[in-house]
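Hello,

Here is the structure I promised to pass on to you. Have a look at it first, and then read my notes below.

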Amino acid sequence: MEKDILDIAIIGGGPAGLTAGLYAARSRLKVVMLEKLAPGGQVLTTEWVENYPGFPQGVSGPELMESMHQQAERFGLVIQRHQVSGVELANSPKLIHTSAGTLQARAVIICTGAQPRKLGVEGERSFTGKGVSYCATCDGPFFTDLPIVVVGGGDTAVEEGLYLTKFGNKVYLIHRRDQLRATKLLQERVLANPKIQVVWDSVVTAVQGSDLVEGVRLRNVKTGQESELQASGVFVFVGIEPVTEFLQGQLELDKNGFIITDREMATSRAGVFAAGDVSAKSLRQIVTAVGEGAAAEFSAERFLAGC
Ligand code: NAP
């Protein structure tokens with residue numbers, strides 16, 4: 001029925017989705033935001049955010065996201081806790097299939113973000129939850145006074161590695177090159193931290209243990225030399241992959257699976273927009289996700305108005 005058709009359905013409730021929702025609710029549109037877990041996205045697993053403007057001392061990730069959530073709800077954003085299993089985007093209205101039924105919407109904004117990439121080595125999957133983790137905030141305290149391995153050399157690995165020094169008696173940062181990818185300021189902090197030892201030019205080839213993780217096997221990519229390192233926790237931060245499987249090929253993606261948009265956040269389908277980490281771009285930050293969420297909502301409104 002026409003009256004059941006939403007103006008906008010927003011899929012995903014991280015910073016991009018919540019901002020798009022805030023703008024749509026303030027525009028008095030009929031909007032629903034779908035989020036499979038709690039609103040907040042990946043930022044919920046970030047201990048401390050210090051590059052989001054307006055917080056001179058920084059702010060905890062969960063606190064920042066709770067503020068965005070409350071702000072969007074204050075203007076009437078309806079949030080439904082359902083997982084989207086599939087979408088039909090070619091016609092109007094567009095259909096969004098969820099675990100609790102199908103929604104219809106004239107425009108869709110996809111803000112499903114990204115999830116941690118796996119290493120894909122022996123033992124990684126079987127020891128997940130038994131020492132292998134992708135979330136320092138969630139699991140760091142389990143490794144109090146124990147040795148911890150962090151894999152990766154980007155902002156996430158370095159930031160979370162620094163955070164994990166609060167718990168572990170030693171943090172080994174395993175990086176496959178001889179130079180970190182992370183922002184210079186974070187690099188300086190890591191290199192100055194006596195609890196962190198960077199293991200350069202090395203990859204983890206296996207996670208080892210019996211019931212729980214006891215260590216990792218390493219290979220030096222320059223010399224080929226193999227070694228073992230004792231550790232109770234293995235935190236993997238080797239990048240992200242987009243959450244797009246529910247799209248089943250209905251939108252144009254880049255070679256890494258991120259949604260291609262134009263500058264107005266429009267995708268390859270009329271009336272479908274994308275914002276935040278799920279979209280193809282070079283800078284993935286809370287501040288870019290928020291800006292894109294606002295831009296995507298503005299574009300969706302123009303689409304609805306026939307502009
Ligand atoms: P990233 O920047 O893509 O870094 C991934 C790291 O993992 C790189 O150092 C990469 O090595 C390494 N890597 C990739 N695949 C690997 C494998 N199979 N084995 C071993 N190492 C592997 O990912 P990220 O750190 O998750 O960050 C994602 C995005 O969020 C980035 O744009 C980042 O700037 C942003 N972010 C920003 C902040 C912040 O501003 N505070 C915090 C977190 C994340 P190479 O360097 O050799 O490629």
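Let me begin with a pair of strands that is easy to trace. Strand β15 (residues 213-220) and strand β16 (residues 226-230) run antiparallel and are joined by five bridges. Helices (H or I, at least four residues) and strands (E, at least two) are DSSP runs, numbered from the N terminus, and two strands pair if DSSP finds at least two bridges between them. Within this pair, R217 has E228 of β16 as its bridge partner. The two strands make a hairpin with five residues between them, and G224 in the turn has a positive phi of about 80°.

Before you go further, please keep in mind that this is a predicted model, in which local features need pLDDT of at least 70 and side-chain atom pairs count only at pLDDT 80 or more, while totals for chains, interfaces and linings use all residues. Residues are numbered from 1 along each chain as its sequence is written, and side-chain values use heavy atoms, with hydrogens and water left out.

Next, the open sheet. Its five strands come in the order β10-β17-β11-β12-β13, with parallel pairing. At the edges are β10 (132-133) and β13 (196-199), each of which pairs on one side only. Five bridges link β11 (residues 147-151) to β12 (residues 170-174) in the parallel sense, and Y172 in β12 is the bridge partner of V149. As background, strands of a sheet pair through backbone hydrogen bonds, either parallel or antiparallel.

Now to the ligand. Where does the ligand lie relative to domain 1 and domain 2? Domain 1 (2-115 + 240-304) and domain 2 (118-236) both contribute residues to its shell, so the ligand lies between them; the domain bounds come from an automatic or database domain assignment. The ligand is surrounded by 18 residues (a residue is near if one of its heavy atoms lies within 4 Å), and the closest are N51, D155, E159, R177 and R181. D155 has a polar side-chain atom 2.7 Å from a ligand oxygen, and R177 also has a polar side-chain atom 2.7 Å from an oxygen of the ligand.

There is also one disulfide by the rule used here (a pair of cysteine sulfur atoms within 2.5 Å). C135 and C138 form this disulfide, with their sulfur atoms 2.0 Å apart. The torsion about their S-S bond is about 75°, so the disulfide is right-handed.

Finally, two backbone details. Most residues other than glycine have a negative phi, and most peptide bonds are trans. S92 and P93 are joined by a cis peptide bond, with omega about 0°, and P93 sits in the loop between β6 (84-88) and β7 (94-98). D145 is not a glycine, yet has a positive phi of about 65°; D145 is found in the loop between α3 (136-139) and β11.

Happy exploring!

Note on methods: A polar contact is a pair of N or O atoms within 3.5 Å; within protein, one must be able to donate a hydrogen and the other to accept it, and residues adjacent in sequence count only if both atoms are side-chain atoms.
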